[in-house]
Amino acid sequence: MESAVWLSLLLDDEDTFKILIATDIHLGYMEKDAIRGNDTYNTLEEILKCAQTNQVDFILLGGDLFHENKPSRRCLHTGITMLRKYCMGDSPILFNILSDQAINFNTSKFPWVNYQDENLNISIPVFSIHGNHDDPTGAEGLCALDLLGSCGLVNHFGHSQSVEKIQISPILMQKGSTKLALYGLGSIPDERLYRMFVNNQVTMLRPKEDQDEWFNLFTIHQNRSKHGPTNYIPEQFLDDFIDLVVWGHEHECLIAPTRNEQQLFYVTQPGSSVATSLSPGEAAKKHIGLLRVKGRKMNLQKIPLQTVRQFFIQDLVLADYQDLFTPDTPQVTKKVEDFCYAKVIEMIEEAERERLGCDLTPEKPLIRLRVDYSGGFEPFNVSRFSQKFVDRVANPKDIIHFVRRREQKEDIKGLTQTKYTGLRVEDLVKQYFEAAEQKVQLSLLTEQGMGKAIQEFVDKDEKDAIEELVSYQLEKTQRHLQARGVTTEQDIDAEILRFRNSKKNTTEEDEEIREAINRAKAHRLERGDNLQGLDMSDELADVAMDSDEDPAPVAPPTRGRGRGRGRGSRGRGRGELS
């Protein structure tokens, strides 16, 4: 956009939408930590205060408002308290919703926007999709956002209930002469969504009338950077009528809109408001955005967050300092430790200089020194080293991270060792079975099914997920063999392999995995150990997420329940609102 256009939008008027955008707040992350326990709560309050100060029309959240699928009582209580404090009040809402809200909020028992509820006084509506951390689970398909929705504090949208095809119907808004179509798609497993895009099973509906007058804003929560062949969503999959994409899930703050020259839309990646891993992408300064939309023009103002704990990371390759020490230098380990101590002190002093005058910034920074000790060096005692910084940093136990470059070589089984960087559990399972000998191949389960079951066990403490998946697949396979009348051992092996391969990357496979996981959850509830599971999942998630790996003019509306309805017909790829 030309600079004159951007500058002309800085003037707020009756035709300009003002939207505060943020993603990946991860409320409740490390809430049990003595030093970092309040970090996410302080930052959420700063975000809500900013919305109130700037008198925005609404807040748009791009997923992962909560860090846990099952937030603690403290986390829910704090979130509800702050939303009530900053988002309820008598300030008038200056935009209308024109679309059929029964479709926009189809998973809610109150399928209308909260500010039009006659029993509520909402001054700042919050619209949010869910992320992969706070995604809907269980037979009812509920998540923490649905609890906030029932309280009338958040408008949860973008929840697709179908695993076969997705129709994204926008929330159509109008303020003065500006028309805004807000699209949202909550987190879906990347491989499944990738496949659905390839098979033209994702449709974005559009208003039938005056399509060129709408500013189209799309919020998504998926991998943007490529983690595997289908483990991300390429930007070119998205429709080219979109004007701006708000991309959640990726934690690096790249909030300045970048233009996709192929699809001709802009993408903003606000990133997370808290560092949940000590990796380089998290070290970038954290921001939220104040988006102004007038007609088909936009302006995005970067707002730095003041309450975010500082994070400094540095890489140190010992082999690059041969003028100071080599593996053969006397007392080389002590010299290396002293050298690392000096580097950490430098980072702490830099943090202290930057924090001067910033009273809202926490005192103790996060410090990470990644030490590459390849070439014959030995690591020193990290526990003893950490004791020197207990009173000066927020993460004294994991300041030092020793790494060593690996050359690919064959192990005793003839398998190539591979460095798994930025991969998920499902990817590791798949790579293992692709590289393993034929005798250890899975017979009944697919790699995706096994990987998902392990992921549920690790992330959400579903102890029975793997056992239930095996039992469920065994039952189905036995019924299949009986129906086919297979009796000989050779024919049984061949039929089992054919039956397993026929389900790979299909909707049937997705449904089987979901059914097995739901069985595991039902058994846990029957045993009555769900409360115990809450505490354990909190602890597991803290450990799992602290990764060291790196991972792209209308009249003011009333508060009644009036809901407009557009007309049109469905189309392929790009439908029209019906």
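Let's start in the middle of this predicted model. Its largest nonpolar core has 34 residues, and the ones with the most contacts inside it are Leu-20, Leu-48, Ile-59, Phe-66, Leu-83 and Ile-288. Several elements chip in: β1 (17-22), α2 (39-53), β2 (58-61), α3 (73-87), α5 and β14 (287-294) each bring at least two residues to this core. Apart from it sits another core, this one of 31 residues, with Phe-105, Ile-171, Leu-180 and Met-298 among them.

Leu-48 is a handy residue to click on. If you skip its neighbours within four places in sequence, Leu-48 touches Ile-59, Met-82, Leu-83, Tyr-86 and Cys-87.

Now for strand β10 (residues 214-221), which is mostly covered, with eight of its eight residues buried. Trp-214, Asn-216, Phe-218 and Ile-220 point one way from the strand. Phe-215, Leu-217, Thr-219 and His-221 point the other way, and they are buried too. The strand has a partner in β8 and another in β11, as laid out here.

| Strand paired with β10 | Bridges | Direction | A facing pair |
|---|---|---|---|
| β8 (residues 178-185) | seven bridges | parallel | Tyr-183 and Phe-218 of β10 |
| β11 (residues 244-248) | five bridges | parallel | His-221 of β10 and Gly-248 of β11 |

So what about the helix α6 (residues 190-198): is it enclosed or open? Eight of its nine residues are buried, so the rest of the structure largely encloses this helix. The buried ones aren't just greasy names, either: the list runs Asp-190, Glu-191, Arg-192, Leu-193, Tyr-194, Arg-195, Met-196 and Phe-197. After α6 comes Asn-200, with a positive phi near 55°.

Last stop is His-133, which UniProt lists under "active site" in an unreviewed entry. Where does His-133 sit? Look in the loop between β4 (126-128) and α5 (144-150). Although His-133 is in a loop, this residue counts as buried because its relative accessible area is 15%, and the cut-off for buried is under 20%. Its side chain also has a polar atom 2.8 Å from the backbone oxygen of His-67.

If you're browsing the model, a few places are worth pulling up together. Try Leu-48 with Ile-59 and Leu-83, which are among its contacts. Then look at β10 between its parallel partners, β8 and β11. Finish with the side chain of His-133 and the backbone oxygen of His-67, 2.8 Å from one of its polar atoms.

Key
Residues numbered from 1 in each chain as written. Predicted model: local features only at pLDDT ≥ 70, side-chain atom pairs only at ≥ 80, totals over all residues. Heavy atoms only, no water. UniProt positions renumbered as here; feature names shortened; annotations may be inferred. Helix = DSSP H or I, 4+ residues; strand = E, 2+ residues; numbered from the N terminus. Buried < 20%, exposed > 50% of the residue type's maximum accessible area, 1.4 Å probe, protein only. Polar contact = N/O pair within 3.5 Å; in protein donor to acceptor, adjacent residues only side chain to side chain. Core = buried A, V, L, I, M, F, W, Y, C linked by side-chain atoms within 4.5 Å. Contact = heavy atoms within 4.5 Å. Pairing = 2+ DSSP bridges.
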